[in-house]
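Visitor: I should be grateful for a close look at a single part of this structure. Please choose one helix and describe it together with its surroundings.

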Amino acid sequence: MANVKSFMKKVAEQGKAAPQPAAQPAAPAHAPTVPARTSAAVAPSKADRRASDISDAIVPCHTRQEFAQEIRYHWNRSRKEFLSIGRYLNRAKEILPHGDFEAMIESDMPFSVETAFRFRAVAEAVDTGRLSLEVLPGAESVAYQIVTMTPDELERAKAQGLVRPDVTRRQLIDFKRSLRPPKDVTPNDRRRQLLAEYARLRARMAEVRDELRRDHGIDPEHDYGRPGRTGVTIDVVAEDMGAEDMGAEDVGREPDGAS
């Protein structure tokens, strides 16, 4: 018992002799109560990883309805993802100091400035009601073709059934081109057209000449001794026509001028 009391006394004395930790300075009154996120990447928890694995897992499907259901689910999720990215980008543009937003896009984002602009434009069009979420295509590059239309173009596209989730980018581009006025042909453009046509015709003439020389023994470029002339004269030979090649009114009729 005495040994236990002696041990407890020594522990108490050591605790008194130990230096007390220095007091931390009080936080300023304006300091945020919730610390801001740092730029360091935070490792996802096991629960987050499990949830991600479950959402990305391929569900066994056996019927048309099951496949369609899963594909629609991921299609809708892809639309929500790029829409959320655009909304975050628009919010960052409003909140970040001047220059930080552009630096973030160039250094911290896995996509280009042009792609970020498309994300932002699509999100703004949806949030302002210009484009309905129900007709939003599943890719931002396709949706961007819709949101960059003028009001008149958008109404025409709706009338033609082009504002829908499954529309293709090619269909929208072709639609826009069909509305543009024809481009004025400049002298340089016309010269290029003529030179291209000349080259095409020249190549075709060479092919015809080779065939005439090879299969018919005729060279249309050969000089046949006629002064000042080259080439050959093409004679059109009239072939005998049978009764089946003549009209009923021609059968039995004598040629004009016959007595």
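Guide: The account below concerns helix H5, its aromatic contacts and the helices around it in the sequence.

The model is a predicted one. Its chain has 259 residues, of which 17% count as buried. The secondary structure consists of nine helices and zero strands, so that reading along the sequence gives the pattern α-α-α-α-α-α-α-α-α.

Helix H5 covers residues 113–127. For its 15 residues, a rise of 1.5 Å a residue leads one to expect a span of 21 Å, and the end C-alpha atoms do lie 21 Å apart, in agreement with that expectation. The buried residues of H5 are Thr115, Ala116, Phe119, Ala121, Val122, Ala123, Ala125 and Val126. Just after the helix, Gly129 adopts a positive phi of about 85 degrees.

The aromatic side chains deserve separate attention. Two aromatic pairs are found in a search of the whole structure. In one of them, the ring centres of Phe111 and Phe119 are 5.3 Å apart and the ring planes stand at 75 degrees; because that angle is over 60 degrees, the pair is classed as edge-to-face. Both Phe111 and Phe119 are buried. The other pair joins Phe117 and Tyr144, again edge-to-face, with 6.3 Å from centre to centre and 75 degrees between the planes. Since Phe117 belongs to H5 and Tyr144 to helix H6 (residues 140–147), this pair ties together parts that are 27 residues apart in sequence. Phe117 itself has a relative accessibility of 48% and therefore counts as partly exposed, a class that ends at 50%.

The contact between H5 and H6 can also be described through the helix axes. Two packed helices are described by the angle between their axes and by the distance between those axes. The axes of H5 and H6 come within 9 Å and cross at roughly 60 degrees. H5 and H6 are therefore oblique to each other, and H5 passes H6 in a left-handed crossing.

H6 has a further partner in helix H8 (residues 169–179): the two pack at an angle of about 25 degrees, with their axes 9 Å apart. An angle under 35 degrees counts as roughly parallel, so H6 and H8 are described as roughly parallel to each other. The crossing of H6 and H8 is left-handed.

Two other helices show how burial is distributed around a helix axis. In helix H4 (residues 100–108), the residues Phe101, Met104 and Ile105 are buried. Viewed down the axis of H4, these buried residues fall within an arc of 95 degrees, and so they line one face of the helix. Glu106 and Ser107 are exposed, on the face of H4 that is turned away from the buried side. In helix H7 (residues 151–159), the buried residues are Glu153, Leu154 and Ala157. These fall within an arc of 100 degrees when seen down the axis of H7, so they line one face of that helix. Pro151 and Ala159 are exposed on the other side of H7.

To return to the chosen part, H5 contributes the buried Phe119 to the pair with Phe111, while the pair of Phe117 and Tyr144 links H5 with H6.

Key: Residues are numbered from 1 along each chain as its sequence is written. This is a predicted model: local features need pLDDT of at least 70, side-chain atom pairs count only at pLDDT 80 or more; totals for chains, interfaces and linings use all residues. Side-chain values use heavy atoms; hydrogens and water are left out. Helices (H or I, at least four residues) and strands (E, at least two) are DSSP runs, numbered from the N terminus. The expected span of a helix is 1.5 Å times one less than its number of residues. Buried means under 20% relative accessible area, exposed over 50%, partly exposed in between (1.4 Å probe, protein chains only). Rings of Phe, Tyr and Trp (its six-membered ring) pair if their centres lie within 6.5 Å; planes under 30 degrees apart count as stacked, over 60 as edge-to-face and the rest as tilted. The arc is that of the directions from the helix axis to the C-beta atoms. Axes are lines fitted to C-alpha atoms, for helices over the stretch in contact, and angles run from 0 to 180 degrees between N-to-C directions. Angles under 35 degrees count as roughly parallel, over 145 as roughly antiparallel, 65 to 115 as roughly perpendicular and the rest as oblique. A crossing is left-handed if the near helix is turned anticlockwise from the far one by less than a right angle, and right-handed if clockwise.
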